[in-house]
Amino acid sequence: MTMSYNAKYETYIFDLDGTLCDTSVDLANAVNFALIKNYFEKKDVLEIKSYLGNGIKNLIKLSSGLEVDDPRFEKTFSDFKTYYSDHLLDNTRPYENIVDVIDFIKAKGAKVCVASNKADSYAKIICNKFFDGKLDYVRGEILGEEKKPSPKMIDDVLSHVGSSCDKTIYIGDSEVDILTANNSNLDLLVVSWGFRDYEFLKSQGNNIILNDVNQLYDFI
């Protein structure tokens, strides 16, 4: 494969779950721990994957069927967080070749950032484990602040690293990421190796969809 640098982009913003790392098993295990402990039926991993992308409160809401103002919700949510905090690195791994892609971007002199609806503390733990020293900024969900698809998270990332929208490309795996890029006026790459399949992503508009990590090199 011939690889060449794309001078247009100075900043690459990646989603985390389903884009850089497969976190699905650890998230599913934590969800099912919380569900079973609170007398709900467990869910399979594929169903739980379909709920990912809008933050962990939404994940528990969809998995349990509880509204956030239900007294049982906070207990279930708390049990999820307790378990996940202790097990978020059990099975989570970067997708094959994704670290090499990041190294290639960095060799270009470009910036690599993460914008995730995963809780900020969890996002930083995972990124420090697998991408230590390679990322310019990691931004997860912060309580009380708007999350994706609001452009505010992207604005924060760009402000932090001193970049502009016209020199930035966003890479993600879900409809939330598509909306995020559109709301932020960013060029977009959608990846199908994550938590949404190709047919679903194709139904979300006329976007460039990548099926293999190595296709990212064509945009670097």
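Me: When do two strands count as paired?

Reply: Two strands pair if DSSP finds at least two bridges between them. Strands are DSSP runs of E with at least two residues, helices are runs of H or I with at least four, and both are numbered from the N terminus. Here, 2 bridges join β7 (residues 187–191) to β8, and these strands run parallel. Val190 stands opposite Ile209 in β8.

A word on the source: this is a predicted model, where local features need pLDDT of at least 70, side-chain atom pairs count only at pLDDT 80 or more, and totals for chains, interfaces and linings use all residues. Residues are numbered from 1 along each chain as its sequence is written, and side-chain values use heavy atoms, leaving out hydrogens and water.

Me: What is the order of the strands in the sheet?

Reply: Strands of a sheet pair through backbone hydrogen bonds, either parallel or antiparallel. In this model, 6 strands form an open sheet, ordered β5-β4-β1-β6-β7-β8, with parallel pairing. β5 (137–141) and β8 (209–210) stand at the edges with a single partner strand each, so one side of each has no neighbour in the sheet.

Me: Which residues of α4 are buried?

Reply: An α-helix has 3.6 residues a turn, so residues three or four places apart point the same way. Phe73, Thr76, Phe77, Asp79, Phe80 and Tyr84 of α4 are buried (under 20% relative accessible area, 1.4 Å probe, protein chains only; exposed is over 50%, partly exposed in between). Seen down the axis of α4, they fall within an arc of 160 degrees (taken from the directions from the helix axis to the C-beta atoms), so they line one face. The face turned away carries the exposed residues Pro71 and Asp86.
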